[in-house]
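Please open the structure in a viewer with the sequence panel visible. The tour below proceeds by selection, with a short account of what is found at each stop.

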Amino acid sequence: MRRDFAPSVRSPILMLEPTSHAPPPAGFLLEFESGSPVIRYRPKGMGCAIAFFIVWILGWTGGCIALLASALARTASGPTVGFVMLFWATDVLVILIFLWLFRSQTVFRFSESELIWTKSLGKLKRRKCFPKSGILAVRQVKDGGDGEDSFPSWGLMLVGPDFKVLSRQDIGKSDWLGPLLAQWAGKPYEACRDRGGR
């Protein structure tokens with residue numbers, strides 16, 4: 001059963017009041033499965049990072065095609081087909097990373113005693129269970145935009161298991177989800193002090 005976050009969502013496990021919690025950012029959806037709240041998230045936004053990846057992938061793929069054509073022409077100074085396959089493997093790896101970061105789905109299943117976190121892309125799936133008693137805090141972390149990384153982004157770390165449940169997203173996503181996870185766990189939420197861009 002799908003529910004909007006307005007006017008209120010009440011469950012013995014998770015309480016959301018419109019006066020105390022802002023509506024979810026784009027990409028978040030709350031459902032109930034067997035009476036337990038489930039938050040589904042598909043990345044939205046991060047347009048500059050997506051544009052960069054698409055341009056990079058197209059350029060790299062074009063270079064791979066040119067290398068392959070040169071290898072198949074078998075010029076004396078041209079690359080071997082085996083050498084070209086390394087470039088194609090890199091191309092496929094970057095495409096998979098792009099899809100994992102920007103097109104996967106993250107699911108948070110709440111029960112009274114544990115959080116089940118799942119991130120999936122098609123048949124590729126990663127699943128972790130976090131007992132509520134093992135979570136010491138929920139910490140917002142800046143995970144992009146420093147050094148040579150030109151796209152500022154933030155994530156959420158469960159302190160105790162020291163596991164990132166959300167990563168490489170604009171700050172509004174973790175600003176919304178972090179306090180909600182902390183509320184469920186009954187533990188403190190630690191907002192990142194670094195709120196700006198580069």
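The stops run from the whole chain to helices, strands and single residues.

**The whole chain**

Begin with the entire protein chain, bearing in mind that this is a predicted model. Its secondary structure comes to three helices and twelve strands. Of the 198 residues, 40% count as buried. Among the contacts with a separation of 6 or more, 52% are accounted for by residues 24 or more positions apart.

**The helix pair H1 and H2**

Select residues 47-73, helix H1, together with residues 81-103, helix H2. Two packed helices are described by the angle between their axes and the distance between the axes. Here the axes come within 9 Å and cross at roughly 160°. Because angles over 145 degrees count as roughly antiparallel, H1 and H2 are therefore described as roughly antiparallel to each other. H1 passes H2 in a left-handed crossing. Colour the contact by residue type: the residues divide into 23 nonpolar, two polar and two charged.

**Strands S6, S7 and S8**

Next, select strand S6, residues 105-110, which runs antiparallel to S7 and is joined to it by six bridges. The hairpin between S6 and S7 passes through three residues. For one bridge of this pair, display phenylalanine 108 and its partner in S7, tryptophan 117.

Extend the selection to strand S7, residues 114-121, where six of the eight residues are buried. S7 also pairs with strand S8, residues 124-131, in the antiparallel sense over eight bridges. Leucine 121 has leucine 124 in S8 as its bridge partner. Two residues lie between S7 and S8 in their hairpin, and glycine 122 in the turn has a positive phi of about 60°.

**Glutamine 105**

Return to S6 and select glutamine 105, which lies in that strand. Is glutamine 105 buried or exposed? With a relative accessible area of 16%, glutamine 105 is buried, because the cut-off for buried is under 20%. Leaving aside neighbours within four places in sequence, glutamine 105 is in contact with Arg40, Tyr41, Arg42, Thr118, Lys119 and Ser120. Measure also to glycine 27: the two C-alpha atoms are separated by 9.5 Å, although the residues are 78 apart along the chain.

**The four-stranded sheet and helix H3**

Now display the open sheet of four strands, whose order is S11-S10-S9-S12 with mixed pairing. Strand S11 (163-169) and strand S12 (189-190) stand at the edges; each has a single partner strand, so one side of each is left without a neighbour in the sheet. Strand S9, residues 137-144, and strand S10, residues 153-159, pair in the antiparallel sense over seven bridges. To locate one of these bridges, select valine 138 and its partner in S10, leucine 158. Add helix H3, residues 171-185, which lies across S9, S10, S11 and S12 and runs at about 15° to S10.

**Two residues with positive phi**

Most residues other than glycine have a negative phi. Which phi does serine 34 have? Serine 34 has a positive phi of about 55° although it is not a glycine. Serine 34 lies in the loop between strand S4 (28-33) and strand S5 (36-41), and is exposed, with a relative accessible area of 81%.

Finish at arginine 168, which lies in strand S11. Arginine 168 has a positive phi of about 55° although it is not a glycine. Arginine 168 is partly exposed, with a relative accessible area of 27%.

Note on methods:
Residues are numbered from 1 along each chain as its sequence is written. This is a predicted model: local features need pLDDT of at least 70, side-chain atom pairs count only at pLDDT 80 or more; totals for chains, interfaces and linings use all residues. Side-chain values use heavy atoms; hydrogens and water are left out. Axes are lines fitted to C-alpha atoms, for helices over the stretch in contact, and angles run from 0 to 180 degrees between N-to-C directions. Angles under 35 degrees count as roughly parallel, over 145 as roughly antiparallel, 65 to 115 as roughly perpendicular and the rest as oblique. A crossing is left-handed if the near helix is turned anticlockwise from the far one by less than a right angle, and right-handed if clockwise. Ala, Val, Leu, Ile, Met, Phe, Trp, Tyr, Cys and Pro count as nonpolar, Asp, Glu, Lys and Arg as charged, and the others, Gly among them, as polar. Two strands pair if DSSP finds at least two bridges between them. Contact means heavy atoms within 4.5 Å. Buried means under 20% relative accessible area, exposed over 50%, partly exposed in between (1.4 Å probe, protein chains only).
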